[in-house]
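Me: Mind going through this one with me? I'd like short answers with the cut-offs spelled out.

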Amino acid sequence: MEHPHKRYQGRVAVDETDVVVVGSGSAGSALAGRLSEDPRIRVTVLEAGSLDRNPWLHIPIGYAKTMYHRTISWNFMTEAEPELNGRSVPWPRGRVFGGSSAINGLIYIRGQPEDYDHWRQLGCTGWGFDDCLPYFKKAERQERGADALHGADGPLSVTDLREKGVLPRAFIDAAKELGFPENTDFNGPDQEGAGWYQVTVRNGFRCSAATAYLKPALKRPNLRVITDAHVQRLVIEDGRVTGVVYKVGDETRTIAAKREVVLSSGAIGSPHIMMLSGLGPAEHLAEMGIEVKRDIPGVGQNLQDHLQSRLMYRASQRVTVNERMGFFGMAAMGAQFALNRRGPLSFAAATSGLFARVLPQSATPDVQFHFIPWSADTVKEGLHKFPGFTVSVCQLRPESRGEIRLASADPSVKPRILANYLTSETDKQCMVEGIKLAKRLADTAALGKYIEASYAPPPGALEDDASWLKFVRGNSGTIYHPTGTCRMGEDDRAVVDTQLRVNGVGNLRIADGSIMPTVVSGNTNAGCIMIGERCAEFIKQAA
């Protein structure tokens with residue numbers, strides 16, 4: 001039988017489809033899954049990674065094994081960050097079926113309604129919170145049921161934690177002791193307060209975007225996914241994108257797109273592919289020896305990320321994950337997860353959290369805390385040998401802006417990343433005040449009774465604002481939310497319009513976190529899925 005994505009000229013098969021989606025991450029999976037609901041639209045997904053066969057990809061705590069995996073992650077590194085003591089910061093991104101949704105911390109946070117209303121105020125008409133809410137609800141399978149803010153019939157499972165524990169509860173009580181309200185729903189009417197995170201988990205296992213959207217759709221004859229497909233460039237003819245050139249192993253292939261190509265490769269990958277294809281800042285492309293197809297100065301600019309600092313403590317009681325890491329403890333954890341999907345293997349990247357305001361000019365929460373019932377210097381080195389836990393604090397709306405640039409015209413060479421963390425005085429002040437709040441939380445009766453001593457920073461290291469900032473510069477890193485590098489808008493430097501069409505280039509859209517004008521106040525996975533849902537509708541309406 002003739003494949004629905006092949007046509008024939010003589011005896012030569014010419015690969016073609018209606019829509020090519022480059023990337024199977026949060027937005028790409030949602031986009032491709034929704035598009036393929038229409039049997040008249042042939043959809044091909046190009047994924048640079050392999051299928052999600054590694055079992056750690058499906059166990060919630062498995063992100064610790066996969067985030068820096070040599071093949072499952074892209075393992076990007078930033079340039080030397082000038083305000084972080086010249087350190088290069090690791091930036092893991094998913095290179096696997098499901099993209100970063102397959103290796104992330106599983107936390108489901110949409111951000112604040114004010115984030116999306118701010119997009120609208122910046123000129124992104126139709127992207128206020130009321131405009132986006134129907135797509136959040138459409139995506140969501142909320143185990144608590146549907147209401148005015150939540151959906152229960154969508155493909156993405158959003159559930160309560162099965163395993164909570166005394167330490168994460170103590171963190172919530174510590175925040176209440178300082179006067180913060182307990183918040184039962186961070187995606188509810190108000191984000192502020194302390195509470196339990198919800199996670200993208202189904203029946204105890206990770207529910208990645210690919211699990212939610214693509215796997216159920218693979219039986220459709222109009223959808224196919226090509227894995228291990230490394231995109232080289234877009235095919236551009238007369239100002240229109242007509243296809244994609246990609247490699248599988250040593251074989252170079254071309255696929256024609258009769259209708260559109262959509263880049264869903266994330267805030268690093270999408271601008272990288274754009275620039276390799278001659279779409280970007282003309283001067284930079286000329287420097288790299290790339291023919292300029294269209295001068296789009298905003299490509300790769302406006303890079304934003306959430307910076308985090310982690311405070312770690314030695315626990316006075318054996319109530320952390322650290323002390324369970326011996327042979328018998330690991331066996332017990334494995335048995336517990338196998339029997340009822342509970343125990344430490346069911347943990348996400350954090351259990352409880354806090355959204356708070358630390359700057360006087362902030363009208364809504366400007367910092368986010370993740371409470372983690374274990375501690376480690378690095379993921380690669382493993383957990384500490386002593387009982388320990390971690391309090392992570394990150395600034396929600398950084399003013400600092402970085403950029404993505406080409407390091408080479410060779411598609412196999414990773415791009416240059418400069419986050420420019422802490423180049424804004426407001427960002428420095430916010431991080432320092434966030435660390436101070438973390439210290440006050442540790443000093444409460446509720447949490448303090450579980451603390452033997454501070455591990456990072458060591459006791460007595462933080463005495464004034466200068467020492468707090470020194471700690472941030474030396475000990476902070478990404479919380480894995482790069483966004484903004486193909487910004488949406490209606491101004492001259494915007495890369496895509498409000499229908500996610502690339503300005504000045506036909507048949508090309510971008511749907512991923514790169515289109516966010518400003519990063520949302522929280523984890524970005526939910527927002528990216530919403531973007532994919534919306535892009536699918538735009539394409540269907542354009543038919």
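Below are a few questions and answers on this model.

Me: What should I know about the model and the numbering first?
Reply: It's a predicted model, where local features need pLDDT of at least 70, side-chain atom pairs count only at pLDDT 80 or more, and totals for chains, interfaces and linings use all residues. Side-chain values use heavy atoms, with hydrogens and water left out, and residues are numbered from 1 along each chain as its sequence is written.

Me: Is Ser24 buried or exposed?
Reply: Ser24 is in the loop between β2 (12-22) and α1 (26-35); helices (H or I, at least four residues) and strands (E, at least two) are DSSP runs, numbered from the N terminus. Buried means under 20% relative accessible area, exposed over 50%, partly exposed in between (1.4 Å probe, protein chains only). At a relative accessible area of 0%, Ser24 is buried.

Me: Which residue has its backbone nitrogen 3.0 Å from a polar atom of the Ser24 side chain?
Reply: Leaving aside neighbours within four places in sequence, Ser24 is in contact (heavy atoms within 4.5 Å) with residues including Val45, Glu47 and Leu214. The backbone nitrogen lying 3.0 Å from a polar atom of the Ser24 side chain belongs to Gly98.

Me: Which helix gives the largest share of the largest nonpolar core?
Reply: A nonpolar core is a set of buried Ala, Val, Leu, Ile, Met, Phe, Trp, Tyr and Cys residues joined through side-chain atoms within 4.5 Å. The largest one has 156 residues, and Trp127, Leu234 and Phe369 are among those that touch the most other members. Its largest share, nine residues, comes from helix α13 (residues 525-541), so the name you want is α13.

Me: Which residues of Leu234's surroundings does it touch, including one from that core's best-connected members?
Reply: Not counting residues up to four places away in sequence, Leu234 touches Val241, Gly243, Val244, Val261, Leu263, Ile273, Ser277 and Leu279. Completing the list is Leu508, also among the core members that touch the most others.

Me: What is omega for the cis peptide bond at Pro457?
Reply: Pro457 lies in the loop between β24 (451-456) and α12 (465-475). A cis peptide bond joins Ala456 and Pro457, with omega about 0°.

Me: What is phi of Leu106?
Reply: Leu106 is in the loop between β5 (90-91) and α3. At 1% relative accessibility, Leu106 counts as buried. Although Leu106 is not a glycine, its phi is positive, at about 70°.

Definitions and conventions: A polar contact is a pair of N or O atoms within 3.5 Å; within protein, one must be able to donate a hydrogen and the other to accept it, and residues adjacent in sequence count only if both atoms are side-chain atoms.
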